[in-house]
Amino acid sequence: MPLWTIHHTPGIFTDEEKHQLASRIADHYEQVGLPRFYVVTLFHQTRPEDFYVGGEPTPAGVRIAIDHIARSNPDRESRRRTARWIRGMLQPHLEGHAALHWEFHIDETSDDLWMINGIAPPPAGSDAEKRWAASNSASPY
């Protein structure tokens with residue numbers, strides 16, 4: 001379960017850009033073997049007078065919190081690779097905005113603390129998880 005929570009000031013993303021970014025995010029996780037429906041992306045528009053960096057209002061800002069539960073990075077190099085992948089995916093959507101402050105972080109949580117529709121997801125890479133990916137939905141296993 002990657003959960004991407006994207007807080008942004010107005011004018012950063014159009015509805016089409018949100019859809020494109022959310023699809024691109026899901027594409028990546030699907031390519032590394034996760035069921036596509038594990039990926040949730042939430043966009044929260046925040047007024048500049050409610051977005052503070054260093055105690056000051058920020059006219060153009062993006063702050064992204066990413067929760068990884070289905071998989072975690074085993075070492076520093078894989079964590080840095082993940083951070084570079086995310087930066088590379090975000091830059092095309094953000095680099096055209098003047099004076100934009102943007103940042104992200106990733107939390108990795110135990111998959112023991114996660115359920116979908118009341119079902120603990122199957123083990124990573126298992127036949128049950130592959131069935132979930134093929135059907136793009138949760139089901140008892």
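Start by selecting Arg76, Arg79, Arg80 and Arg87: together they form a positive surface patch. Keep in mind as you click around that this is a predicted model. Now narrow the selection to Arg80, which sits in helix 2, the run covering residues 76-94. Is Arg80 buried or exposed? It falls in between: its relative accessible area is 44%, so it counts as partly exposed.

**Stay on the arginines**

Next, pick Arg84 and Glu77. These two form a salt bridge, and their closest N and O atoms are 2.8 Å apart. Both partners are partly exposed: Arg84 has 37% relative accessibility, and Glu77 has a relative accessible area of 42%. If you wonder about the idea behind such pairs, side chains of opposite charge can pair when their charged atoms come close.

While salt bridges are on screen, add Asp27, Glu30 and Arg36 to the selection. Salt bridges with shared partners link these three residues into one network. Zoom in on Asp27 and Arg36, whose side chains meet at 2.9 Å, taken from N to O. Asp27 is partly exposed, at 31% relative accessible area, and Arg36 is also in the partly exposed class, at 26%.

**Over to helix 1**

Now select Asp15 and Lys18. Where do they lie? Both are in helix 1, 3 residues apart, which is about one turn of the helix. Their side chains meet in a salt bridge, with 3.9 Å from N to O. Because its relative accessibility is 66%, above the 50% cut-off, Asp15 counts as exposed. How many salt bridges does the model have in total? The count comes to 8.

**A stop in the loop**

Move to Pro10, in the loop that joins strand 1 (2-8) to helix 1 (15-31). Pro10 is partly exposed, at 38% relative accessibility. Which residues does it touch, leaving out those up to four places away in sequence? Select Gln45, Thr46, Arg47 and Pro48 to see them. Then add Gly61 and draw a distance between the two C-alpha atoms: Pro10 and Gly61 are 51 residues apart along the chain, yet their C-alpha atoms are separated by 8.9 Å.

**Zoom out**

Switch to a cartoon view of the whole protein chain. You should find 3 helices and 6 strands. Follow the ribbon along the sequence and the elements come in the pattern β-α-β-β-β-β-α-β-α. Along its principal axes, the C-alpha trace spans about 50 × 35 × 25 Å.

If your viewer can show contacts, try that too. Of the contacts with a separation of 6 or more, 70% are between residues 24 or more positions apart. The Pro10 stop gave you a contact list to begin with, including Gln45 and Pro48.

Now turn on the surface. The accessible surface of the protein chain comes to about 8,200 Å², and carbon and sulfur atoms contribute 49% of that. Of the 141 residues, 35% count as buried.

For a last view, colour by charge. The chain carries 14 positive and 19 negative side chains, and the centres of these two sets lie 6 Å apart. With those colours on, go back to where the tour began and look for the positive patch of Arg76, Arg79, Arg80 and Arg87.

Note on methods:
Residues numbered from 1 in each chain as written. Predicted model: local features only at pLDDT ≥ 70, side-chain atom pairs only at ≥ 80, totals over all residues. Heavy atoms only, no water. Patch = residues over 30% accessible without salt bridge, like charges linked within 9 Å, V, L, I, M, F, W, Y side chains within 5 Å. Areas by Shrake-Rupley, 256 points an atom, 1.4 Å probe, with all protein chains shown as cover. Salt bridge = Lys/Arg side-chain N within 4 Å of Asp/Glu carboxyl O. Lys, Arg positive; Asp, Glu negative; His and termini not counted. Charge placed at Lys NZ, Arg CZ, Asp CG, Glu CD. Helix = DSSP H or I, 4+ residues; strand = E, 2+ residues; numbered from the N terminus. Buried < 20%, exposed > 50% of the residue type's maximum accessible area, 1.4 Å probe, protein only. Contact = heavy atoms within 4.5 Å.
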